[in-house]
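Work through the exercises below with the sequence and the model open beside you. Try each task before reading its solution.

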Amino acid sequence: ALKFGTDKGANMAIAVVDQSGLPLVVLRADGATEQFFEGAMQKAWTSVNLKDSTRSLLEQVKEGKEDNSLLPFVPKTLMLMGGAPLKIGDVIVGAVGAAGSPSGLTDDATAQHGAEKFAELLKK
């Protein structure tokens, strides 16, 4: 995921958390600031604890159904694109967070790429 993001020209930070949201690994490119480090951690935490990608969660907030408009007020959440759950079958076992690109779409693509690579590892 870090290579994927930096190949797009961004000084990315990537965080991987376990099923409880605790960090397993955090990587950052040279030039990635503390903001990107923290953002990657919060996006991964948000994804695993709210059990969806942050892109999907952001859409749910915008739709405002039921009490979804209040999701940004959950402590520790970061409602920005760039968090993707890691799954074994239908079970979420962790998440990856990506931060540092000028576009949320690139952060999202980077996190999704990390999740896809995790799924590929399971097949080996």
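## Exercise 1: The largest pocket

Fourteen residues are not all listed here, but the largest pocket has 14 lining residues, and those lying nearest its centre are Lys43, Leu80, Gly100, Ser101 and Asp107. The model in which this pocket is found is a predicted one.

Task: State what volume the largest pocket has, and find which helix gives the most to its lining.

Solution. Begin with the volume, which comes to about 190 Å³ for the largest pocket. Next, look at the helices around the pocket, where helix 2 and helix 4 each supply at least two residues of the lining. Finally, compare the contributions: helix 2 gives the most to the lining, with four residues.

## Exercise 2: A salt bridge between two helices

Task: Determine how the side chains of Asp107 and Lys43 meet, and decide whether Asp107 is buried or exposed.

Solution. The first step is general: side chains of opposite charge can pair when their charged atoms come close. The cut-off for a salt bridge is a side-chain nitrogen of Lys or Arg within 4 Å of a carboxyl oxygen of Asp or Glu. The side chains of Asp107 and Lys43 meet this rule, with 2.8 Å from N to O, and so form a salt bridge. Asp107 lies in helix 4 (residues 104-123) and Lys43 in helix 2 (residues 34-50), so the pair ties together parts that are 64 residues apart in sequence.

For the second part, a residue counts as buried when its relative accessible area is under 20%. Asp107 has a relative accessible area of 5% and is therefore buried, and Lys43, at 3% relative accessibility, counts as buried too.

## Exercise 3: Further salt bridges

Task: Find which residue Asp108 meets in a salt bridge, and work out where Lys62 and Glu59 lie.

Solution. Take Asp108 first: its side chain and that of Arg55 meet in a salt bridge, at 3.1 Å from N to O. This pair links distant parts of the chain, with Asp108 in helix 4 and Arg55 in helix 3 (residues 54-63), 53 residues apart. Asp108 counts as buried at 5% relative accessibility, whereas Arg55 is partly exposed, with a relative accessible area of 37%.

Now turn to Lys62, which forms a salt bridge with Glu59, the closest N and O atoms being 3.8 Å apart. Both Lys62 and Glu59 lie in helix 3, three residues apart, which is about one turn of the helix. Lys62 is exposed, with a relative accessible area of 58%, while Glu59 counts as partly exposed at 37% relative accessibility. By the rule used here, the count comes to five salt bridges, and the pairs described in these exercises are among them.

## Exercise 4: Contacts of two buried residues

Task: For Thr46 and Leu58, name the helix that holds each residue, and list which residues each one touches beyond its neighbours within four places in sequence.

Solution. Thr46 is found in helix 2, and with a relative accessible area of 0% this residue is buried. Leaving aside neighbours within four places in sequence, Thr46 is in contact with Lys51, Thr54, Leu57, Lys76, Thr77, Leu78 and Met79.

Leu58 lies in helix 3 and counts as buried at 17% relative accessibility. Not counting residues up to four places away in sequence, Leu58 touches Met79 and Met81. As a check on distance, Leu58 and Gly94 are 36 residues apart in sequence and 19 Å apart in space, C-alpha to C-alpha.

## Exercise 5: Surface and loop

Task: Identify which residues form a nonpolar patch on the surface, and find where Glu66 and Lys76 are placed.

Solution. The patch is formed by Leu24, Val25 and Leu27, which together have about 270 Å² of accessible area. Val25 has its place in strand 2 (residues 23-28) and is partly exposed, with a relative accessible area of 37%.

Glu66 belongs to the loop between helix 3 and strand 3 (83-88), and Lys76 is placed in the loop between helix 3 and strand 3 as well. Glu66 has a positive phi of about 50 degrees although it is not a glycine, and phi of Lys76 is near 80 degrees, a positive value in a residue other than glycine. Glu66 is exposed, with a relative accessible area of 80%, and Lys76 counts as exposed at 56% relative accessibility.

Terms used. Residues numbered from 1 in each chain as written. Predicted model: local features only at pLDDT ≥ 70, side-chain atom pairs only at ≥ 80, totals over all residues. Heavy atoms only, no water. Buried < 20%, exposed > 50% of the residue type's maximum accessible area, 1.4 Å probe, protein only. Patch = residues over 30% accessible without salt bridge, like charges linked within 9 Å, V, L, I, M, F, W, Y side chains within 5 Å. Areas by Shrake-Rupley, 256 points an atom, 1.4 Å probe, with all protein chains shown as cover. Contact = heavy atoms within 4.5 Å. 1 Å grid on protein atoms, 1.4 Å probe; cavity = no way out; pocket = protein on both sides within 12 Å on 5 of 7 lines; lining within 4 Å. Points joined across faces, edges and corners; volume = space filled by probe spheres on them.
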